[in-house]
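This briefing goes through a structure topic by topic, from the surroundings of the ligand to the domains, a pair of helices and a sheet. Please keep the model open beside the text while reading.

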Amino acid sequence: MFEPSDLINLVLSTVTARPGAAEAIQATMQRATEFPSPVQAQLAGIALHPAGRALAEHTLDAYWADRSRQDDLLATASQTREVIIGSGFHAATYAAIRVLSGFAKPLVLERGGRAGGTFAMTGHPTFYVNSRNRPGGAGLAGDQGAGLNVLPGAPIQAANLSMAEYQTNTDMAVVIRLALAQFADVITDAEVTAVSGDDRDVDIDIRGRRALTAGRLIDARGVGDPTAKAAANGTSVLTFNPFMQRMAGPWPLRGVRRAAVIGGGDSGKCAVEALLGIAPPPPLAAAALDHVDRVDWYAETLPETCDDWQNRVRGRYQAIGRYLRPDRFGVQRLTVIDRQAQPIALPDAVLIDGRTYDLVVLCTGNREAEIDGLGARSFTAYSLAGDMPVARKHVGWPVYRVGPHARLSFTDVEYTTGIADTPANAVSMFRTGPKTAALAASLPSTDDI
Ligand SMILES: Cc1cc2nc3c(=O)[nH]c(=O)nc-3n(C[C@H](O)[C@H](O)[C@H](O)COP(=O)(O)OP(=O)(O)OC[C@H]3O[C@@H](n4cnc5c(N)ncnc54)[C@H](O)[C@@H]3O)c2cc1C
């Protein structure tokens, strides 16, 4: 039976008390018997209804940011407590499976002001995920019968939130955040800066806060920080996250007629979709005012023609291809330019190879977010029975890297099922989520170490 946490109860009572938002719950209660429990039906109702979701999100943010609650948590944390760095999909997966396996709630430390990781980078939807919306439980990579965006153990799943083939980042974010609300204690604005330890416990330094000792540390730092951060200026040259934050605000493309995107990975594709108007729409924008005439996409190895795009690029991104040919007025809005580019910001424009742009988005990849003491070389692959690597373990301390941050190579099964044919699958939830869940289910209690 699902027993809601105090925070989930707070969300439920806050939403039920607000008339417009309370409707959210009523609609799903018609189908309550199809959910694992009535509370989970209520949560799905809240997440499906815009006013209900907005109020729930606000309640979570305010609760997690409360400074006196945060200070109490840090002051009273026991030395055997499990602590997680980061509050994304993997933090939520680890916490959910840990609690459902009978262990105490982990403490989650998130450096940002909003918990939820990559998918929660905006509160308003700005990009579509690239794994199809399918019902079902989590499965091994390549299992066609399994759901792909499943967060193991979460109170509600993304497949409860829409029937769209590809869901938005904020649909995933609300699933992650409700899982954290149920299964973890979360502290936002808590950046871990240094870690030291021995074979029993670890000391964790948090910027501007008291230090903490933990019995185990789960390092779920995600895909890292943008490599091109230094080249961005915050206005006309943006990395992916600030660009998406701009797209979540009103009139995000005001004054942008010519734009460039540098980098051809999934972030680059999502940025191009946003500029072409085929991403989730901004809260306030209109073609008459916010139309980008021309997008130059500096990306090596991407198809340059519509036909080639349709043959070589996976389904989720097919819509981009039609902008690679002229429309019936002879205007081609998107051009792929097969080379690297270095933008130079001028006072009123950005220059790339002699062409000027109003906005340049840098999507050239990420590198590890630094934490003293937790360098990659101190970690080795950690496998469970059957020799399946599920994480990386520190050579001397009880610290585990999970998710994309563990950089686990593709397994033989992933090669034979074709999962490894798409390099972006290295970081996909359906590949890495079950591994983190397996780790959480199998580690002993920190009291027993
Ligand atoms: C544009 C884009 C689209 C994607 N689409 C998909 C998709 O469709 N399907 C899919 O499976 N995967 C997708 N991914 C990949 C997916 O987002 C990641 O695999 C997943 O979010 C990783 O989850 P995580 O919990 O490991 O890390 P994240 O969600 O990245 O969370 C890590 C958190 O750690 C925090 N952090 C970092 N350093 C510190 C520190 N020192 N102290 C405290 N906190 C810290 C960060 O602020 C962040 O909130 C996409 C990624 C991007 C960028």
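In this predicted model, the shell around the ligand takes at least three residues from domain 2 (69-224 + 373-448) and at least three from domain 3 (227-365). Those two domains, together with domain 1 (1-65), are the parts into which the protein chain is divided.

**Around the ligand**

- There are 35 residues around the ligand, and those that come nearest are Gly86, Gly88, Gly117, Gly222 and Gly403.
- Helix 6 (89-100) and helix 9 (266-276) are the elements that contribute two or more residues to this shell.
- Sorted by class, the shell around the ligand consists of 16 nonpolar, 14 polar and 5 charged residues.

**Domain 1 against domain 2**

- The C-alpha centres of domain 1 and domain 2 are 24 Å apart, and 17 residues of domain 1 are in contact with 15 residues of domain 2.
- On the side of domain 1 that touches domain 2, at least two residues come from each of helix 1 (6-17), helix 3 and helix 4, and helix 4 gives the most, with 6 residues.
- That side of domain 1 comprises 12 nonpolar, 2 polar and 3 charged residues.

**Helix 3 and helix 4**

- The axes of helix 3 (residues 38-48) and helix 4 (residues 50-65) come within 5 Å of each other and cross at roughly 105°; because angles from 65 to 115 degrees count as roughly perpendicular, helix 3 is described as roughly perpendicular to helix 4.
- Where these helices meet, helix 3 brings Gly45, Ile46 and Ala47, while helix 4 brings Gly52, Arg53 and Ala56.
- The contact of helix 3 with helix 4 is made up of 3 nonpolar, 2 polar and 1 charged residues.

**An open sheet of 7 strands**

- The 7 strands of this open sheet follow the order 3-2-1-7-20-19-18, and their pairing is mixed.
- Strand 3 (185-187) and strand 18 (379-384) are the edge strands, each of which pairs on one side only.
- Neighbouring strands of the sheet are turned against each other by 30° on average, with direction ignored.
- Within the sheet order, strand 19 stands beside strand 20; strand 19 (residues 388-394) and strand 20 (residues 399-401) run antiparallel and are joined by 2 bridges.
- Which residue in strand 20 is the bridge partner of Arg392? The partner is Arg401, so named in strand 20.

Notes:
Residues numbered from 1 in each chain as written. Predicted model: local features only at pLDDT ≥ 70, side-chain atom pairs only at ≥ 80, totals over all residues. Axes fitted to C-alpha atoms, helices over the stretch in contact; angles between N-to-C directions. Helix = DSSP H or I, 4+ residues; strand = E, 2+ residues; numbered from the N terminus. Parallel < 35°, antiparallel > 145°, perpendicular 65-115°, else oblique. Contact = placed C-beta atoms within 7 Å. Nonpolar A, V, L, I, M, F, W, Y, C, P; charged D, E, K, R; others polar. Near = placed C-beta within 6 Å. Domains from an automatic or database assignment. Pairing = 2+ DSSP bridges.
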